[in-house]
Amino acid sequence: MITADGSKLYLTMKRFTYILIGLAALVAAAASCKKEEVTPMPEIDSALATEWQLVETKAEGTIVGADMSIYLSILPDGTFELFQKSPDQTVRYDRYTGTCTSKDGILTGVYSDGTSMNKWMYTVSGEGLTLQSFNLLEVQKYKKATIPADVRENANDIFTKSDAAGSCPIL
């Protein structure tokens, strides 16, 4: 019932206004909460997540690249760095970066310029890492080793294959 001065109507309208303001605040708060996109962490076998030095490369059973010097760092977050000095380079290493993942004994990845690296079967045994190509024609053997500071500090960052002074990385 409405009184002569309209006080009941006034109270009802006042409550209705408060409810509307509360709902508007809720909608505004919900709209301002932006869902953060979460990129899943790549799977990296903990045994791979360390620094490595290439000790031998065989292609079709023949040792190749014996005069190349290569260091590989794989981090638990799925990023990698590859430092490669080809025979035609006397001092400088080329530094390649990218992301990789390992699952069920298979290592795959992408260089920072979007180029896919080869797909490898891998085994880690003690202080050694063996990468084997799927066609079984190439095998790379690494040993655990700390990448020397001068290699890191003096490396030339390579962003695309055309930036490379020597051959492209062997991964």
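The following paragraphs describe the nonpolar cores and the aromatic contacts of a predicted model.

In soluble globular proteins, nonpolar side chains tend to be buried together. In the present model, the largest nonpolar core comprises 21 residues, and within this core L107 and Y142 have the most contacts. Two or more residues are contributed by each of strand 1 (51–59), strand 3 (69–74), strand 4 (79–85), strand 5 (94–103), strand 6 (106–111), strand 7 (120–125) and strand 8 (128–133). The greatest contribution to this core, 3 residues, comes from strand 3. Another core, of 6 residues, lies apart from the largest one and includes Y71, I147, V151 and A155.

A search of the whole structure yields 3 aromatic pairs. One of them is formed by F80 and Y111, which adopt an edge-to-face arrangement with 5.4 Å centre to centre and 80 degrees between the planes. Because F80 belongs to strand 4 and Y111 to strand 6, this pair ties together parts that are 31 residues apart in sequence. F80 has a relative accessibility of 3% and therefore counts as buried; Y111, at 9% relative accessibility, also counts as buried.

Y111 is paired with Y96 as well: the ring centres are 6.1 Å apart and the planes lie at 70 degrees, so this pair is edge-to-face. Here, too, distant parts of the chain are linked, since Y96 is located in strand 5 and Y111 in strand 6, 15 residues apart. Y96 and Y111 are both buried. Together, F80, Y96 and Y111 constitute one aromatic cluster.

A contact between a charge and a ring is also found: K119 is positioned over the face of F134, at 5.2 Å from the ring centre.

Methods:
Residues are numbered from 1 along each chain as its sequence is written. Side-chain values use heavy atoms; hydrogens and water are left out. A nonpolar core is a set of buried Ala, Val, Leu, Ile, Met, Phe, Trp, Tyr and Cys residues joined through side-chain atoms within 4.5 Å. Buried means under 20% relative accessible area, exposed over 50%, partly exposed in between (1.4 Å probe, protein chains only). Helices (H or I, at least four residues) and strands (E, at least two) are DSSP runs, numbered from the N terminus. Rings of Phe, Tyr and Trp (its six-membered ring) pair if their centres lie within 6.5 Å; planes under 30 degrees apart count as stacked, over 60 as edge-to-face and the rest as tilted. A charge sits over a ring if NZ of Lys or CZ of Arg is within 6 Å of the ring centre and within 35 degrees of the ring normal.
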